[in-house]
Amino acid sequence: MIQHTDSMRPACKDFEEDLVLYYYGDCAGPERDRVEQHLKGCLSCRRFLQDLRTFLPLMIRPKERPQAFWDGYYTELQKKLAAMEDAEPWWKRLFSSFHPWTVPALGTALILILALTLTFTKGMWRPQGDSTEEKVPREIRAVTSDLDFFEAMDLLESLDLLETVEGTRSGGGSVQRL
Amino acid sequence: MASCQRGERQAFDMLVLRYMQRAYQIALDFTHDYEEAKDMSQEAFLRAFSQIKRFDRKSTFYTWFYRILVNLCLDHHRRRGRFPWKQLDGQDEELTEERVMPNGPSPPDQEASAGEVKRQLGMALEALPGSQRTAFLLRNHQGLSISEVAKVMQTTEGTVRVHLHRAVAALRQSLAELV
């Protein structure tokens, strides 16, 4: 049976955190000496520490499980690992060997190669001679010459029209003169 | 570890054999359920295996692995809500005279069974914020050092000390409610 402390009085505020660390053995050197010195003269802190020593170990569960449990656990995990390996797609396996830093490194290398290629093969990309005429199909070229003809016809018509207009003006002028 | 990172299963199996009991125990501390503890800890191993190439070896394997496991447990805890406090082992009820609080006479109305105290402590532990509970479980139950707990929780040692202190103070305070 457990008998509770009569009051569960708090420890001194300045020492409470150090007492917890002291309990766990995480208080070293001068801090530990300071805590031990204080404990000698402080009943509340001594009770606080005693409480920790009493109730904290109670919370830890027994760890032992039968060996059969661990055998089963291991076998089951082996199956899950094997299933996970089988389920992994080929592309993931392929890329799994890549480290995260390889992606930017490869990207930079590709950009560099592209830039160098464009710089040193600049002249090679220019078209050789004026081959526009060769590339234009014959039918289109015929249509183009027809267009030239029609443009010339339009010009002639415009000249005729000008002459007619001029003739009309000069005729009108003579009437007025008469 | 290099073999593990090359994807060699046999090397990883060695790590499983070395850490499976502690992994299971951590998960059990978080879940209070044997079956869920098994599932959680096995899931942590599966994730560790699939992510082992990302392990940069700046910390030890087990702090890296515990981080995966603790995060899994906390995520599970958040999704499911609080784990019901269970008395997992009948032996827990037994208490020796050495564990009795040595504090003068013990009138019957001030006495409580060890089971009741543990139940109270369990409930108080569940009510703690995740960071305080994690710090406490890793230090008190698993015996990790403050610096190891800090690495698992990816925080500073000072913060772990504060979490630990607050957790212990809250647990002790919960016992005061029994008196």
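# Briefing on a two-chain predicted model

Of the 178 residues that make up chain A, 9% count as buried, whereas in chain B, with its 179 residues, the buried share is 32%. The model is a predicted one, and what follows describes the make-up of each chain, the core, two helix contacts in chain B and several individual residues.

**Make-up of the chains**

- The secondary structure of chain A consists of 8 helices and 1 strand, and along the sequence these elements are arranged in the pattern β-α-α-α-α-α-α-α-α.
- Chain B likewise comprises 8 helices and 1 strand, but from its N terminus the order of the elements is α-α-α-α-β-α-α-α-α.
- When contacts between residues at least 6 apart in sequence are considered, 55% of those in chain A join residues at least 24 apart, and for chain B the corresponding share is 66%.

**The largest nonpolar core**

- The largest nonpolar core holds 48 residues, and the members that touch the most others are Ala27(B), Leu69(B), Ala135(B) and Val149(B).
- The element that gives the most to this core is helix α2 of chain B, residues 9-31, which supplies 8 residues.
- Leaving aside residues up to four places away in sequence, Val149(B) touches Ala135(B), Leu138(B), Arg139(B), Leu144(B) and Val160(B), and one of these, Ala135(B), is itself among the core members with the most contacts to other members.
- As a general background to such cores, nonpolar side chains in soluble globular proteins tend to be buried together.

**Helices α3 and α4 of chain B**

- Helix α3 of chain B (residues 34-50) and helix α4 of chain B (residues 61-80) have axes that come within 9 Å and cross at roughly 130°, which means that α3(B) is oblique to α4(B).
- In passing α4(B), helix α3(B) makes a right-handed crossing.
- On the side of α3(B) the contact is formed by Met40(B), Ser41(B), Glu43(B), Ala44(B), Arg47(B) and Ala48(B), and on the side of α4(B) by Phe65(B), Ile68(B), Leu69(B), Leu72(B), Cys73(B) and His76(B).
- Sorted by character, the residues of this contact between α3(B) and α4(B) comprise 8 nonpolar, 2 polar and 2 charged.
- Leu69(B), a participant in this contact, is also one of the residues that touch the most other members of the largest nonpolar core.

**Helices α7 and α8 of chain B**

- Helix α7 of chain B (residues 146-153) packs with helix α8 of chain B (residues 157-176) at an angle of about 100°, and their axes are 8 Å apart, so α7(B) is roughly perpendicular to α8(B).
- The residues of α7(B) that take part are Ile146(B), Ser147(B), Val149(B), Ala150(B) and Met153(B), and they meet Glu157(B), Val160(B) and Arg161(B) of α8(B).
- This contact of α7(B) with α8(B) is made up of 5 nonpolar, 1 polar and 2 charged residues.
- Within the loop between α7 and α8 of chain B lies Gln154(B), a residue other than glycine that nevertheless has a positive phi, near 55°; because 10 other C-beta atoms lie within 10 Å, Gln154(B) is exposed.

**Helix α1 of chain A and the residues around it**

- The buried residues of α1(A) are Asp18(A), Leu19(A), Val20(A), Leu21(A) and Tyr22(A), and what covers them includes α2 (29-41) and α3 (43-55) of chain A together with α8 of chain B.
- Gly25(A), placed just after α1(A), takes a positive phi of about 75°.
- Pro10(A) is located in the loop between β1 (2-3) and α1 (13-24) of chain A, and it counts as partly exposed because it has 15 C-beta neighbours inside 10 Å.
- Although Pro10(A) and Arg47(A) are 37 residues apart along the chain, their C-alpha atoms are separated by 8.8 Å.

**Two further residues of chain B**

- His32(B) sits in the loop between α2 and α3 of chain B, where its phi is near 60°, a positive value in a residue other than glycine; with 19 other C-beta atoms within 10 Å, His32(B) is partly exposed.
- Gln120(B) belongs to helix α5 of chain B, residues 114-127, and with 18 C-beta neighbours inside 10 Å it counts as partly exposed.
- The C-alpha atoms of Gln120(B) and Leu171(B) are separated by 8.7 Å, while the two residues are 51 residues apart along the chain.

Methods. Residues numbered from 1 in each chain as written. Chains lettered and ligands numbered in written order. Predicted model: local features only at pLDDT ≥ 70, side-chain atom pairs only at ≥ 80, totals over all residues. Axes fitted to C-alpha atoms, helices over the stretch in contact; angles between N-to-C directions. Helix = DSSP H or I, 4+ residues; strand = E, 2+ residues; numbered from the N terminus. Parallel < 35°, antiparallel > 145°, perpendicular 65-115°, else oblique. Left-handed = near helix turned anticlockwise from the far one by under 90°. Contact = placed C-beta atoms within 7 Å. Nonpolar A, V, L, I, M, F, W, Y, C, P; charged D, E, K, R; others polar. Buried ≥ 20, exposed ≤ 12 C-beta atoms within 10 Å, placed from the backbone. Core = buried A, V, L, I, M, F, W, Y, C linked by C-beta atoms within 7 Å.
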